[in-house]
Amino acid sequence: MSQSDDTIALAVRRLLAGFQAEDAAGETLGSATLEGVLVRDGLVQVTLGVDRARADALEPARRAAEGAIARLPGVANATIVLTAHRASAAPVATPQPAPPQPASHQAAARPPAPKPMPIPGVAHVMAVASGKGGVGKSTVSVNLAVALARLGLRVGLMDADIYGPSLPRMLGEHRRPEVRGDRMIPVEAWGLRAMSMGLLVEEDSAMIWRGPMIMGAVQQFLGQVNWGELDVLVVDLPPGTGDIQLTLSQRVQVSGAVIVSTPQDIALIDARRAVRMFEKVEIPVFGVIENMSVFCCPNCGHRSEIFGHGGARAEAQRLGHVFLGEIPLLLDVRSTSDAGTPIVAAAPMSEGARAFMAIAETLAKQLKKKH
Ligand code: ADP
């Protein structure tokens, strides 16, 4: 029987909990914190936060856990990436009293956290995130980017969803980006400058990349793409709250994040986690968007609340963030997306396009205020 990704994720969490409990006393995974489990089509990526100084000692335990996950039913490949906690607050062994030092030396003892840098020529970076896959995050990223361009902004769109790049399909764009010198030139589509791993490699081969290569790819996007002058770079993040999100927030100055959720409770729990993640890394949350909120029958116009309605608005309020608006579940949003002609460009007067435009107007105002 094939296992669903959700079932696998649950089994991975259970297995890791066992590993952590078993090892709690020793030099092993007991001290690691589980930062993320991502499962796509049987490919598992786990991120564990560890004290930087203990990373080498934890390597055998990391490998053992990786092997155990790879043997779970339905798992095609497993990668565990260890990421460094910020300089550890909790001492691991018996702490020795430190000799008194001048304040400047104490500061120098901590490894410096990487400083978020602006991308040259790019005024704002806006991340589009979701707690889980399939809520329409990429559809929202693409259409918001096109909508912002229609408002007169110079817009870039970066697909940071390395595991499942979908922008080439959604933009109907498969040309390879040109390379000039050591910089890649984004492709021009629908008034945007776009870059996606899916333009560089086949979509399928992007799926089997291992953790460290993924980090490398994200950093390459950040450093080696010649975006030119942009008012805003929209970044379509992978779903969840893992390493790519962390890398992005440590490397680049992100002006704000938009969280996409469907209205069901289960999606909202994940959305809440995404909001908390951005709060933790001190990236402002611009607000929450409810996607697929009401189904409009294309024949009779009848509206049904298939996934419920209003959940994201209530959740945004509860979390103290702005509710940016809702996008109905519409047949033409899906069909234009699949045809590579984003609805905001293909049918600007349609209900779906107008919903995206209204949200883009709010976001454009928020970006303006940041100057
Ligand atoms: P994610 O990036 O969150 O995984 P996608 O953007 O790939 O999600 O969307 C998943 C599917 O849902 C796609 O087929 C897309 O066309 C469809 N979809 C997304 N939003 C809507 C909507 N508002 N109405 C109809 N279909 C939608």
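Author: The expected span of a helix is 1.5 Å times one less than its number of residues. The model discussed here is predicted.

Reader: How many Å apart are the end C-alpha atoms of helix 14?

Author: Helix 14 covers residues 351-369, which makes 19 residues. At 1.5 Å a residue, a span of 27 Å is therefore expected. The distance in the model agrees with this, the end C-alpha atoms being apart by 28 Å.

Reader: Which residues of helix 14 are buried?

Author: A residue counts as buried when its relative accessible area is under 20%. In helix 14, that group consists of G352, A353, A355, F356, M357, I359, A360, L363, A364, Q366 and L367.

Reader: Within what arc do the buried residues of helix 2 fall?

Author: Helix 2 runs through residues 59-70, and its end C-alpha atoms lie 16 Å apart, in agreement with the expected 16 Å. Its buried residues are A61, R62, A65, E66, A68 and I69. Seen down the helix axis, these residues line one face, because they fall within an arc of 165 degrees.

Reader: With which residue does R62 form a salt bridge?

Author: The closest N and O atoms of the pair are 2.8 Å apart. The two residues are 4 apart in helix 2, which means that about one helical turn separates them. R62 is buried, and so is its partner. That partner is E66.

Reader: How many residues apart in sequence are the parts that D338 and R169 tie together?

Author: The side chains of D338 and R169 meet in a salt bridge, with a distance of 3.8 Å from N to O. D338 belongs to helix 12 (residues 331-339) and R169 to helix 5 (residues 167-171), so the parts tied together are apart in sequence by 169 residues.

Reader: Is D338 buried or partly exposed, and what is its relative accessible area?

Author: Partly exposed residues lie between the cut-offs of 20% and 50%. D338 falls in this class, because its relative accessible area is 41%.

Reader: Which residue forms a salt bridge with E279?

Author: The closest N and O atoms of this pair are 3.0 Å apart. Both residues lie in helix 10 (residues 265-280), and their separation of 3 residues means about one helical turn. E279 is partly exposed at 32% relative accessibility, and its partner is partly exposed at 43%. The partner is R276.

Reader: Which residues are joined into one network by salt bridges that share partners?

Author: The structure holds 12 salt bridges. Some of them share partners, and the network joined in this way consists of R169, R334 and D338.

Reader: What percentage of the ligand's accessible area does the protein cover?

Author: The ligand is surrounded by 18 residues, the closest being G134, K137, S138, T139 and P328. Backbone N or O atoms approach ligand oxygen atoms at 2.9 Å from G134 and at 2.8 Å from K137, while a polar side-chain atom of N291 lies 2.9 Å from a ligand nitrogen atom. Of the 560 Å² of accessible area that the ligand has on its own, the protein covers 83%.

Reader: What is the relative accessible area of M292?

Author: Most residues other than glycine have a negative phi. M292, in strand 12, has a positive phi of about 60 degrees although it is not a glycine. M292 counts as buried, because its relative accessible area is 18%.

Reader: What is the relative accessible area of E282?

Author: E282 likewise has a positive phi of about 60 degrees, and its place is the loop between helix 10 and strand 12. Exposed residues have a relative accessible area over 50%. E282 is therefore exposed, with a value of 71%.

Conventions. Residues numbered from 1 in each chain as written. Predicted model: local features only at pLDDT ≥ 70, side-chain atom pairs only at ≥ 80, totals over all residues. Heavy atoms only, no water. Buried < 20%, exposed > 50% of the residue type's maximum accessible area, 1.4 Å probe, protein only. Arc of directions from axis to C-beta. Near = heavy atom within 4 Å. Polar contact = N/O pair within 3.5 Å; in protein donor to acceptor, adjacent residues only side chain to side chain. Areas by Shrake-Rupley, 256 points an atom, 1.4 Å probe, with all protein chains shown as cover. Salt bridge = Lys/Arg side-chain N within 4 Å of Asp/Glu carboxyl O.
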